[in-house]
Amino acid sequence: MTNCPTCRAPYRSGSKCYRCGAKLGAVLAVQVEAAAFRRAATRALSHRALITAQGYADRALFLHRSKEALGTAALVALVRRDFKAACELWFESCQSAEAEHRETPSGPAGDQGERQD
Ligand SMILES: [Zn+2]
């Protein structure tokens, strides 16, 4: 999570937003689960279990449509030779990364080094 889903303040750490006090524990838990599915997809790919990898990548995307999940899904699609889906997912991943970059403050007081994704 790079920003609080309630007030869009940059995420620093912990289970509460420093600005609005929103409880972020559930959001963080879902992101942890999505990351586990991304890793499972990558492991399945390394074993050439392509259908299993696709399932894990889809679950990761369902839980958290992050640039990382999109990248993993694009890789799975590429290995499965679904080039149209791979291109679409990769393009969306790049757009997601650009949007995230725009939302992250810059300058000496920025929070860019504290992402926990
Ligand atoms: Zn907030």
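**Briefing: a four-helix chain**

Buried residues make up 21% of the 117 residues in this chain. Keep in mind that you're looking at a predicted model. The chain has four helices and zero strands, so reading along the sequence gives you the pattern α-α-α-α. As for how far contacts reach, 39% of those with a separation of 6 or more link residues 24 or more positions apart. The notes below go through α1, α2 and α3, then a single residue, then some backbone angles.

**Helix α2 and its two sides**

- α2 has 14 residues, and its first and last C-alpha atoms are 20 Å apart, close to the 20 Å expected at 1.5 Å a residue.
- Which residues of α2 are buried? They are A53, Q54, Y56, A57, A60 and L61.
- These buried residues cover an arc of only 165° around the axis, which puts them on the same side of α2.
- An α-helix has 3.6 residues a turn, so residues three or four places apart point the same way.
- Over on the other side of α2, I51 and F62 are exposed.
- What do the buried residues of α2 pack against? Their partners are α1 (residues 25–46) and α3 (residues 67–79).

**Where α1 meets α2**

- The axes of α1 and α2 come within 8 Å and cross at roughly 160°.
- That angle makes α1 roughly antiparallel to α2, because anything over 145 degrees counts that way.
- From α1, the contact uses V30, E33, A34, F37, R38, A40, A41, A44 and L45.
- From α2, the residues taking part are T52, A53, Y56, A57, R59, A60 and L63.
- As for handedness, the crossing of α1 and α2 is left-handed.

**Where α2 meets α3**

- The axes of α2 and α3 come within 9 Å, again with a crossing at roughly 160°.
- So α2 is roughly antiparallel to α3.
- This crossing of α2 and α3 is left-handed.
- On the α2 side you'll find L50, A53, Q54, A57, A60 and L61, and they meet A69, L70, T72, A73, V76 and V79 of α3.
- Several α2 residues named here are also buried, including A53, Q54 and A57.

**Helix α3 and its contact with α1**

- α3 has 13 residues that should span 18 Å at 1.5 Å a residue, and its end C-alpha atoms are 18 Å apart, which agrees.
- The buried residues in α3 are A69, L70, T72, A73, A74, V76 and A77.
- How do α1 and α3 run relative to each other, parallel or antiparallel? Their axes come within 10 Å and cross at roughly 20°, and the two helices are therefore roughly parallel to each other.
- The crossing of α1 and α3 is left-handed.
- A34, R38, A41, T42 and L45 of α1 meet E68, A69, T72, L75, V76 and V79 of α3.
- Some α1 residues turn up in the contact with α2 as well, among them A34, R38, A41 and L45.

**A look at L63**

- L63 sits in helix α2, which covers residues 50–63.
- Is L63 buried or partly exposed? It has 19 C-beta neighbours inside 10 Å, and since buried takes 20 or more, L63 counts as partly exposed.
- Setting aside neighbours within four places in sequence, L63 is in contact with V30, E33, A34 and F37.
- Those four are also among the α1 residues in the contact with α2.
- L63 and V32 are 31 residues apart in sequence, with their C-alpha atoms 9.7 Å apart in space.

**Backbone angles to check**

- Most residues other than glycine have a negative phi.
- R8, in the segment before α1, has a positive phi near 70° without being a glycine.
- With 13 C-beta neighbours inside 10 Å, R8 counts as partly exposed.
- R48 isn't a glycine either, and its phi is positive at about 60°.
- Where is R48 found? R48 is in the loop between α1 and α2, and with 9 C-beta neighbours inside 10 Å it counts as exposed.
- Just after α3, R81 takes a positive phi of about 65°.

Terms used: Residues are numbered from 1 along each chain as its sequence is written. This is a predicted model: local features need pLDDT of at least 70, side-chain atom pairs count only at pLDDT 80 or more; totals for chains, interfaces and linings use all residues. A residue is buried if 20 or more other C-beta atoms lie within 10 Å of its own, exposed if 12 or fewer, and partly exposed in between; C-beta atoms are placed from the backbone. Two residues are in contact if their C-beta atoms, placed from the backbone, lie within 7 Å. The expected span of a helix is 1.5 Å times one less than its number of residues. The arc is that of the directions from the helix axis to the C-beta atoms. Axes are lines fitted to C-alpha atoms, for helices over the stretch in contact, and angles run from 0 to 180 degrees between N-to-C directions. Angles under 35 degrees count as roughly parallel, over 145 as roughly antiparallel, 65 to 115 as roughly perpendicular and the rest as oblique. A crossing is left-handed if the near helix is turned anticlockwise from the far one by less than a right angle, and right-handed if clockwise.
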